[in-house]
Amino acid sequence: GSVVTWGAPGFGGDSLAVQVKLRNVQQIQASPGAFAAILDNGSVVTWGSQDFGGDSSAVQEQLRNVQQIQATLGAFAAILQDGSVLTWGKAAEGGDSSEVQSLLR
């Protein structure tokens, strides 16, 4: 499906910058100020405040074959088809899993 957003732009209410990518959406998860959508091809589109995980550019190339996403107050975690986990967002909110990445397989 497609996505329509509303509300405060700083909290994910404005998806204009990614609207063209929000097609064939299968699932959406939200943090308090950002959203992450899984598309039917397993890729992910994010928008909203970078302070709440709205910027996934650091892991965007790895966000393929995503099966599920969960959110914290300021970060997201994606489970990939191979069982591995990718995180992004505020490090203090779980966005930096580099210290335990080898265990997330």
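**Briefing: Ser43, its pocket and the strands around it**

Leaving aside neighbours within four places in sequence, Ser43 is in contact with Ala37, Ile38, Leu63 and Arg64. The model is predicted. Ser43 also helps to line the largest pocket. The points below start at Ser43, then cover the pocket, the strands, two asparagines and Gln67.

**Ser43**
- Ser43 sits in a loop, with strand E2 (34–39) on one side and strand E3 (44–48) on the other.
- Is Ser43 buried or exposed? Its relative accessibility is 11%, so Ser43 counts as buried, because buried means under 20%.
- The side chain of Ser43 makes a polar contact with the side chain of Asn41, at 2.6 Å.

**The largest pocket**
- The largest pocket holds about 230 Å³ of space.
- Its lining includes Ser43, Val44, Val45 and Thr46.
- Gly54, Asp55, Ser56 and Ser57 also line the pocket.
- Val18, Lys21, Gln60 and Arg64 complete the lining.
- Arg64 therefore appears twice here: as a contact of Ser43 and as a lining residue of the pocket.
- What is the make-up of the lining by class? There are 6 polar, 3 nonpolar and 3 charged residues.

**Strands E1, E2 and E3**
- Strand E2 is mostly covered, with 5 of its 6 residues buried.
- E2 pairs with E1 in the antiparallel sense, over 6 bridges.
- These two strands, E1 and E2, form a hairpin with 2 residues between them.
- Ser31 has Ala34 of E2 as its bridge partner.
- E2 also runs antiparallel to E3, and 5 bridges join the two.
- On that side, Ala34 is bridged to Gly48 in E3.
- Ala34 thus has a bridge partner in Ser31 and another in Gly48.
- E2 and E3 form a hairpin too, with 4 residues between them.
- Gly42, in the turn of the E2–E3 hairpin, has a positive phi of about 85°.

**Two asparagines with positive phi**
- Most residues other than glycine have a negative phi.
- Asn24 has a positive phi, near 55°.
- Asn24 lies in the segment before strand E1 (25–31).
- With 43% relative accessibility, Asn24 counts as partly exposed.
- Asn65 has a positive phi of about 55°, although Asn65 is not a glycine.
- The loop between E3 and strand E4 (66–71) holds Asn65.
- Asn65 counts as partly exposed, at 40% relative accessibility.

**Gln67**
- Gln67 belongs to strand E4.
- How exposed is Gln67? Its relative accessible area is 48%, so Gln67 is partly exposed. The cut-off for exposed is over 50%.
- The side chain of Gln67 reaches back to the backbone oxygen of Asn65, at 3.3 Å.
- Not counting residues up to four places away in sequence, Gln67 touches Gln27, Ile38, Ile79, Leu80 and Gln81.
- Ile38 is a contact of Gln67 and also of Ser43.
- Gln67 and Leu104 are 37 residues apart along the chain, and their C-alpha atoms are separated by 15 Å.

Note on methods:
Residues numbered from 1 in each chain as written. Predicted model: local features only at pLDDT ≥ 70, side-chain atom pairs only at ≥ 80, totals over all residues. Heavy atoms only, no water. Buried < 20%, exposed > 50% of the residue type's maximum accessible area, 1.4 Å probe, protein only. Polar contact = N/O pair within 3.5 Å; in protein donor to acceptor, adjacent residues only side chain to side chain. Contact = heavy atoms within 4.5 Å. 1 Å grid on protein atoms, 1.4 Å probe; cavity = no way out; pocket = protein on both sides within 12 Å on 5 of 7 lines; lining within 4 Å. Points joined across faces, edges and corners; volume = space filled by probe spheres on them. Nonpolar A, V, L, I, M, F, W, Y, C, P; charged D, E, K, R; others polar. Pairing = 2+ DSSP bridges.
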